[in-house]
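Student: I would like a close look at a single part of this structure. Please take the largest pocket, then work outward to the rings and strands.

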Amino acid sequence: MKKLPIENLSFVEVGGVGEMIYRAVRFPEYIPDYRDDGEVIEPIFTGLHAPESGTDYSLTGQELLVSLCNLYGKLNNPDSTVSVTEAIWDWCRNNIHPYNIDSLYEMLNSEKFAHITYLDLIKKDATFYINQFAKDLCYLGTVFEFYYALSRVKYYGEVECARNLYYEGRLCDSLAFLERYRQYEDDEEYKSRFLEHYNDHIMQVIDMIPDFRMRLKFDNKTEKVMFGADIQSVFDICWYTFSRMVADVAPPLDEDLNYFESQGSVLSCLACGKYFVRHSSRQLYCNNWECQAERNRKNRRMSYARKKASEVKQTL
């Protein structure tokens, strides 16, 4: 992790979306454990294998949002048999610690060997319940997939996501706000009825997004006052990122639907269906090698079809 001399949260522009530069804490390892009131995940570290903390530029809020929404899709699939505990455990090991980010950061940076001095307190504050993570994940995932379905109908005329929005999931049921349109079997009529109430549905999204606590912070290292958000969990970061998407990002008013959205937007891969952060105006597939292989196969088929069509045209 890059440790940079920036102590407070600030804003930068990434792909047209206000991104958050945030504090991050990473532990060398975790272990699942059981308490009287539920299953927990507890960090493991020693004097020689210390936690890392710093201001992290390597992972954006968009990537965290995509990662958590894909985890939600994986675990909430009605047919999923993946262990919830192991999936959350694996997510923490490959990303950042999910809870008490600011307080753990402050503790770890309070002195040189803080992870030894405050070992028991750090472990206590960093231990979290699986049920709490799953609850926070479900709330974020259901609201995001609702908004994503709205945007696909509104801007691209695609009704499939909206038609299939409601389902009884393994962890939680998805939102049923669009079930009222299921009676319209014709896609055009579906879109027409949907657009009549689009603003009402956006208001539903807005009402479900939590409020953010913004305040002034004094940076002792730079002796500057900065305006930032209080961040205690990765879900706070994702909700902030999500709210910026709802507020600022809209597809270009361009009839060429191949353009879709600007760089840095969140799309669903045409091959696997998982969310990914788009880094080019032409990118329609995620970076998974199987999806890239499918993209190459499709491009070859299209190239062959164009070639054959051109040959037929020349013979006429």
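**From a charged end to the pocket and beyond**

Tutor: Start with a cation and a ring: the charged end of Lys-154 sits over the ring of Tyr-198, 4.8 Å from its centre. Keep in mind that this is a predicted model. A second contact of this kind involves Arg-93. Its charged end sits over the ring of Trp-89, with 5.0 Å to the ring centre.

Now the pocket. The largest pocket holds about 1,200 Å³ of space. Its lining counts 38 residues. Nearest the pocket centre lie Asn-70, Ser-268, Gly-273, Lys-274 and Tyr-275.

Which elements build this lining? Five of them supply at least two residues each: α1 (61-76), α6 (130-156), α7 (160-163), β9 (266-268) and β10 (275-277). Helix α1 gives the largest share, 10 residues. Asn-70 falls within the span of α1. Ser-268 belongs to β9, and Tyr-275 belongs to β10.

The chemistry of the lining is mixed. There are 19 nonpolar residues, 12 polar ones and seven charged ones.

Follow α6 next. This helix supplies at least two lining residues, and Phe-144 sits in it too. The whole structure has 17 aromatic pairs. One of them joins Phe-144 and Phe-242. The geometry is edge-to-face: the centres are 5.3 Å apart and the planes meet at 65°. The planes count as edge-to-face because the angle is over 60 degrees. This pair links distant parts of the chain, with Phe-144 in α6 and Phe-242 in helix α10 (residues 234-248). The two residues are 98 apart in numbering.

Are these two rings buried or exposed? Both Phe-144 and Phe-242 are buried. That label applies because each has under 20% relative accessible area.

The pair also sits inside a wider group. Phe-144 and Phe-242 form one aromatic cluster with Tyr-139, Tyr-147, Tyr-148 and Trp-239.

Last, the strands. An open sheet of three strands runs in the order β3-β4-β6, with antiparallel pairing. At its edges are β3 (29-35) and β6 (128-129), and each pairs on one side only. Between β3 and strand β4 (residues 38-44) there are seven bridges, and the two run antiparallel. One contact to check by eye is Tyr-30, whose bridge partner in β4 is Pro-43.

Note on methods: Residues numbered from 1 in each chain as written. Predicted model: local features only at pLDDT ≥ 70, side-chain atom pairs only at ≥ 80, totals over all residues. Heavy atoms only, no water. 1 Å grid on protein atoms, 1.4 Å probe; cavity = no way out; pocket = protein on both sides within 12 Å on 5 of 7 lines; lining within 4 Å. Points joined across faces, edges and corners; volume = space filled by probe spheres on them. Helix = DSSP H or I, 4+ residues; strand = E, 2+ residues; numbered from the N terminus. Nonpolar A, V, L, I, M, F, W, Y, C, P; charged D, E, K, R; others polar. Phe/Tyr/Trp six-rings, centres within 6.5 Å; stacked < 30°, edge-to-face > 60°. Buried < 20%, exposed > 50% of the residue type's maximum accessible area, 1.4 Å probe, protein only. Lys NZ or Arg CZ within 6 Å of the ring centre and 35° of its normal. Pairing = 2+ DSSP bridges.
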